[in-house]
Amino acid sequence: HQVFGNRIRQTGSSAVMVCGFNPGKRIGIGNAETEVVRIQNCRIALNDISKTNVANDYNATFKNADDLPGGNNEAVSVCCAYLNVFTEWNDIHDTLQYGVDYKSGGAGGAIRYNRIWNCTNHGIYIETGRRFVRDLDVHDNIIWRCRNGIVLAREADYDTEPGPIADFQMEFRNIRIWNNVIFLIDRDGIAASPHHGDHYSGTITGIRILFNTIVDCGQEEGHHYR
């Protein structure tokens with residue numbers, strides 16, 4: 001599957017979404033079902049994407065991190081039973097949400113050679129979403145003027161949803177982040193953490209963060225990390 005060479009503007013939610021199953025139904029679908037690959041071998045490349053997640057009649061009640069109305073997915077959303085999705089050589093900018101998000105059960109692929117700027121929230125976001133993200137490469141991206149550059153977050157959301165279930169075992173495994181250039185960031189250049197209110201469970205192993213260039217982060221008042 002290829003999403004190639006498009007110019008995408010003014011979307012109410014994602015500009016591009018690659019999902020093995022409906023993410024809106026994902027709360028009740030556990031790891032065992034998510035391990036069954038439903039979509040694979042996708043390339044999202046050479047697209048110019050901006051002004052995503054703008055407010056419309058359908059999503060006007062949702063608020064983003066700046067309390068602005070808009071869609072609740074990302075400019076590029078990859079989630080739920082995927083294998084080998086490559087997001088590369090895209091310009092992603094001026095969105096009310098995140099730039100690129102890989103989440104909620106998938107393995108393989110890469111986020112690389114993208115230019116990402118002027119995102120209200122994170123440039124690149126990787127989250128387990130009660131499931132797993134494995135064997136992902138994030139390299140040679142240029143990210144600037146976003147709230148955070150690259151973020152790994154477990155985001156199980158046990159603070160707002162029912163408590164731990166045996167089938168929901170979060171896992172980050174073999175995530176490699178290298179040779180990215182990140183600058184003029186409100187908060188953190190690269191961050192890794194549980195989500196607010198999450199239980200401390202799950203596996204994090206094989207994370208490599210190497211040879212990135214990070215300059216002028218912590219610009220937002222109260223965040224002075226360099």
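Here are some short exercises with worked solutions on the predicted model shown above.

**Exercise 1. Decide whether the rings of W89 and Y113 are stacked, edge-to-face or tilted.**

*Step 1.* A pair of aromatic rings is described by the distance of the centres and the angle of the planes.

*Step 2.* For W89 and Y113, the ring centres lie 4.5 Å apart and the planes meet at 15°.

*Step 3.* Centres within 6.5 Å make a pair, and planes under 30 degrees apart count as stacked. W89 and Y113 are therefore a stacked pair. The structure holds five aromatic pairs.

*Step 4.* Now find the two residues along the chain. W89 sits in the loop between β7 (82-88) and β8 (91-95), while Y113 sits in the loop between β10 (106-112) and β11 (115-127). With their positions 24 residues apart, the pair links distant parts of the chain.

*Step 5.* Finally, look at accessibility. W89 has a relative accessible area of 46% and is partly exposed. Y113, at 31%, also counts as partly exposed.

**Exercise 2. Work out how the rings of W144 and F183 are arranged, and which parts of the chain they tie together.**

*Step 1.* The ring centres of W144 and F183 are 5.7 Å apart, and their planes are at 5°, so this pair is stacked.

*Step 2.* W144 belongs to strand β13 (residues 142-153) and F183 to strand β15 (residues 181-185), so the pair ties together parts that are 39 residues apart in sequence.

*Step 3.* Buried means under 20% relative accessible area. W144 has 19%, so W144 counts as buried. F183, with 27%, is partly exposed.

*Step 4.* Add W117 to the picture: ring pairs link W117, W144 and F183 into a cluster.

**Exercise 3. Find the polar contacts made by the side chain of S14, and say whether S14 is buried or exposed.**

*Step 1.* Locate S14 in the loop between β2 (7-9) and β3 (16-19).

*Step 2.* A polar atom of the S14 side chain lies 2.8 Å from the backbone oxygen of E74. The S14 side chain also makes a polar contact of 2.8 Å with the side chain of S77.

*Step 3.* The relative accessible area of S14 is 15%, so S14 is buried.

**Exercise 4. Compare the settings of T34 and T205.**

*Step 1.* T34 is part of helix α1 (residues 31-34), whereas T205 is part of strand β17 (residues 203-210).

*Step 2.* With a relative accessible area of 1%, T34 is buried. T205 has 31% and is partly exposed.

*Step 3.* Next, look for partners. The side chains of T34 and R131 are joined by a polar contact of 3.0 Å. For T205, check R173: the two residues are 32 apart along the chain, and their C-alpha atoms are separated by 5.0 Å.

**Exercise 5. Describe the second largest pocket by its space and its lining.**

*Step 1.* The space in the second largest pocket is about 160 Å³.

*Step 2.* The lining consists of G12, S13, Y58, N59, T61, F62, G70, G71 and N72.

*Step 3.* Sort these residues by type: two are nonpolar, seven are polar and none is charged. Remember that Gly counts as polar here, while Phe and Tyr count as nonpolar.

**Exercise 6. Find which residue lies over the face of F132.**

*Step 1.* Start at the ring centre of F132 and look for a residue over the face of the ring.

*Step 2.* The residue is R134, at 3.9 Å from the ring centre.

Terms used: Residues are numbered from 1 along each chain as its sequence is written. This is a predicted model: local features need pLDDT of at least 70, side-chain atom pairs count only at pLDDT 80 or more; totals for chains, interfaces and linings use all residues. Side-chain values use heavy atoms; hydrogens and water are left out. On a 1 Å grid over the protein atoms alone, a cavity is a set of points where a 1.4 Å probe fits but cannot get out, and a pocket is an open set with protein on both sides within 12 Å along at least five of seven lines; lining residues have an atom within 4 Å of a point. Grid points are joined across faces, edges and corners, and a volume is the space filled by probe spheres set on the points. Rings of Phe, Tyr and Trp (its six-membered ring) pair if their centres lie within 6.5 Å; planes under 30 degrees apart count as stacked, over 60 as edge-to-face and the rest as tilted. Helices (H or I, at least four residues) and strands (E, at least two) are DSSP runs, numbered from the N terminus. Buried means under 20% relative accessible area, exposed over 50%, partly exposed in between (1.4 Å probe, protein chains only). A charge sits over a ring if NZ of Lys or CZ of Arg is within 6 Å of the ring centre and within 35 degrees of the ring normal. A polar contact is a pair of N or O atoms within 3.5 Å; within protein, one must be able to donate a hydrogen and the other to accept it, and residues adjacent in sequence count only if both atoms are side-chain atoms.
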